[in-house]
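Please open the model in your viewer and keep the sequence panel beside it, since each stop on this tour begins with a selection.

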Amino acid sequence: RRVLLMGEGNFSFAASLCGAEGTHVVATCYEREEEVSGCGGAAENIQRLREKGAEVMFSVDCTKLKDYFLPGKREFDCIHFNFPHCGRKAGVVKNRELLAHFFHSSAEVLSEEGEVHVALCNGQGGTPADQPRREWHNSWQIVAVAAGAGFILSNVHPFKAETIHGYKCTGYRSQDKSFCVEGALNHIFTRSMPLSYFKPMICEIELENRKVSFQVPQVLADKINRGFLEPNSNHPVWTLKEKLTAQLRQAFPLQNIESCLSLLHQGQLDGVCHSNIFRIILNSEETPSTEEMSNGLANAVSFHHVDFCRDADKNSWVNVQQECHISKQYYLRPSLLPYAQAVIQRGAFLPEALYVISGLVFRKCFITPYSMPVFHEMVFVSAINRGTEKSYIQMLVNNIKTSIHSLHQTVSSFKLSMNLQEAMSFETTELNDFAAFESQLSKIQYLICVETDTSDSHDKGSCVGVIRTAHYDLVSSELVVVFASLNLDLLAMLICGICDWRMLWTSDNRFLHQFPRGELRLFKSFSLYPPSYVHDVSFWLPDGEQFDEVAFHTIARQVSCEMVTSIQLIDSFQQSETGQRSFCYRMTFQSCDKALSRQVVAEMQLLFRKEINRHLRVTVR
């Protein structure tokens, strides 16, 4: 391992590392050799380093590292910078600037899998790991500064100077004096994957016995065809599905439906608000080739994604090409319930058998920590004798509960309890987005809720599933059909301690490496204390115009690449003279797995203002 040490004072830290097996140390100092040699013990440490084969360099500027190393010598596995400081009485702003330049410089000489270690005195970093924690504006804001150079904080632990043999901190106000390092922290940074901006994506499927293509909504472009439920997957959602299926197979005659389900549905879903679905418009023109569509020949595309459609009754907007001759309307499937309903109408349907269908579903929704525009749904359907549905439902839930508990006990010691609650005991405002949408599809009898140690004492738990019953003419009048639906993504989050649904979709290998095939484990974040940025946006809405808030949130998802974590209405009023209404929303930007800089967020905010002005016909203030 090649280790680069920056800003050494008396070289005591470098001397402590030198001699470790398999480690080549390059120790550097900002001052000239004659200036440093007079510091206590420096000359001896320098001599020891050279005798051990280490490189010692002087007059090295930490902000211009590539200037000191030839291209073949720039791949360092670890860079240490202990207690960086501009010198004398430099304030937090100058020290932030020093760190910013250092991180940019480090990125040019660090190996792809390398680490940057920065030790700071207690409180300087500005993260929750500091005790006590300084106010953000009075700290060095190290995670935000590092994000500007593409780094994320992957670990932080106490800097224990007393355990480092021979180490003596020095350099207080640029003098040969020690300073207090009690409570100091070592911050370990790694490279972040680059931000992946949504790109146009064409999806090819078979529909009505012919191959067709359509443009995937941009906000879903990185989530289509990820294969999380494929047989060779080790994603926790796949593991959860397989474990549940195996458990239920022991109690029920189970039939797993593995047939390919179409991504598109045709027609209308009764009771479902149009603003909650991703619509695709089928053009009557002939399907072009993939090459033509990838070249951006919009006039030839057979299917167009529709985000914003003007409906004369609802005053909502869609950007549709006028030359298109619409013959049919399709939408990305928001539920697997229609497929489950189709199962019971087939001649091969077996009463009392439990049929299982799994797959992705897509729903426009508000931005909240547990609101997912796409997730993996698992639907169970069975026909049972009339009058036995309540006991059957309880038996089904008990088996699901047993399986979840056995999985959870192998993962974590924190408490998790699952229970069945009657839907009528919940007000509409108490339902999460998953349950609220399910209630639009058809009447729900029961909710499957999960509570954890962190749940509020007044909280009825997170709804992870719903159960409904129905009667069908094609089924015997003596039978009742039971449908159960589970949100596998939400269940996996609760079991594995994943706090942000976006982490399930990360392309960073550090996520999947934590889940060996067939195992569920407690997730440990590889991006700690990510910086957040707050921006406000205000706009006028014309008198009489209805505001589509779901579309507002969907645009925010799209332009920010899912980096917006919260949107809150903080002010609104109506102008008496014109009737115009004014709204002010506060937006919080934060990434769960990538470096997100202040500059990038500012660019996203400007783009967002343009897009809402263009699509929602508001006047940005």
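Select Pro-132 to begin, which is found in the loop between strand E5 (110–120) and helix H5 (142–147). The peptide bond that leads from Gln-131 to Pro-132 is cis, with omega near -5°. Bear in mind at this and every later stop that the model is predicted.

From there, select Leu-185, a residue of strand E7 (residues 185–191). Leu-185 has a relative accessible area of 9% and is buried. If neighbours within four places in sequence are left aside, the residues in contact with Leu-185 include Val-118, Ala-119 and Leu-120, as well as Ala-129 and Asp-130. Val-156, His-157, Pro-158 and Phe-159 are also among the contacts of Leu-185. A C-alpha to C-alpha distance to display here is that between Leu-185 and Lys-160, which are 8.3 Å apart in space and 25 residues apart in sequence.

For a wider view, show the whole chain as a cartoon, in which there are 14 helices and 24 strands. Of its 621 residues, 52% count as buried. Among the contacts in the chain with a separation of 6 or more, 71% come from residues 24 or more positions apart.

Two backbone details come next. Select Phe-11 in the loop between strand E1 (2–6) and helix H1 (12–17), where the residue has a positive phi of about 65° although it is not a glycine. Phe-11 counts as buried because its relative accessibility is 0%, the cut-off for that class being under 20%. Then select Glu-562, which lies in the loop between H13 and strand E22 (564–574). Glu-562, which is not a glycine either, has a positive phi of about 65°, and at 5% relative accessibility it counts as buried.

The aromatic rings make up the following stops. A pair of aromatic rings is described by the distance of the centres and the angle of the planes. With centres required to lie within 6.5 Å, the count comes to 26 aromatic pairs. Select Phe-81 and Phe-102, whose ring centres are 4.9 Å apart and whose planes stand at 70°, so the pair is edge-to-face. Because Phe-81 belongs to strand E4 (residues 76–82) and Phe-102 to helix H4 (residues 92–107), this pair ties together parts that are 21 residues apart in sequence. Phe-81 and Phe-102 are both buried.

Now move the selection to Phe-547 and Phe-583, where the ring centres are 5.6 Å apart and the planes are at 20°, so this pair is stacked. Phe-547 sits in the loop between strand E21 (533–541) and helix H13 (549–560), while Phe-583 sits in strand E23 (residues 581–589), and the pair, 36 residues apart, links distant parts of the chain. Phe-547 and Phe-583 are each buried. Extend the selection to Phe-539, Phe-552, Tyr-585 and Phe-608, which ring pairs link with Phe-547 and Phe-583 into a cluster.

A charge over a ring can be displayed by selecting Arg-2 and Phe-76, since Arg-2 lies over the face of Phe-76. What is the distance from the ring centre of Phe-76 for Arg-2? The value is 4.3 Å.

Next, select helices H6 (residues 236–249) and H11 (residues 488–496), whose axes come within 9 Å and cross at roughly 100°. That crossing angle is why H6 and H11 are roughly perpendicular to each other. On the H6 side the contact is made by Val-237, Leu-240, Lys-241 and Leu-244, and on the H11 side by Leu-488, Asp-489, Leu-491, Ala-492 and Ile-495. Sorted by class, the contact of H6 with H11 has seven nonpolar and two charged residues, and no polar ones.

Continue to Val-600 in helix H14 (residues 598–615), which counts as buried at 17% relative accessibility. Residues up to four places away in sequence not counted, Val-600 touches Leu-195 and Tyr-197. The C-alpha atoms of Val-600 and Ser-560 are 9.3 Å apart in space, with these positions 40 residues apart in sequence.

Finish at Gly-387, in the loop between strand E16 (374–385) and helix H9 (389–409). Is Gly-387 buried or exposed? Gly-387 has a relative accessible area of 66% and is therefore exposed. For a last distance, pick the C-alpha atoms of Gly-387 and Leu-479, which are separated by 8.8 Å although the residues are 92 residues apart along the chain.

Notes:
Residues are numbered from 1 along each chain as its sequence is written. This is a predicted model: local features need pLDDT of at least 70, side-chain atom pairs count only at pLDDT 80 or more; totals for chains, interfaces and linings use all residues. Side-chain values use heavy atoms; hydrogens and water are left out. Axes are lines fitted to C-alpha atoms, for helices over the stretch in contact, and angles run from 0 to 180 degrees between N-to-C directions. Helices (H or I, at least four residues) and strands (E, at least two) are DSSP runs, numbered from the N terminus. Angles under 35 degrees count as roughly parallel, over 145 as roughly antiparallel, 65 to 115 as roughly perpendicular and the rest as oblique. Contact means heavy atoms within 4.5 Å. Ala, Val, Leu, Ile, Met, Phe, Trp, Tyr, Cys and Pro count as nonpolar, Asp, Glu, Lys and Arg as charged, and the others, Gly among them, as polar. Rings of Phe, Tyr and Trp (its six-membered ring) pair if their centres lie within 6.5 Å; planes under 30 degrees apart count as stacked, over 60 as edge-to-face and the rest as tilted. Buried means under 20% relative accessible area, exposed over 50%, partly exposed in between (1.4 Å probe, protein chains only). A charge sits over a ring if NZ of Lys or CZ of Arg is within 6 Å of the ring centre and within 35 degrees of the ring normal.
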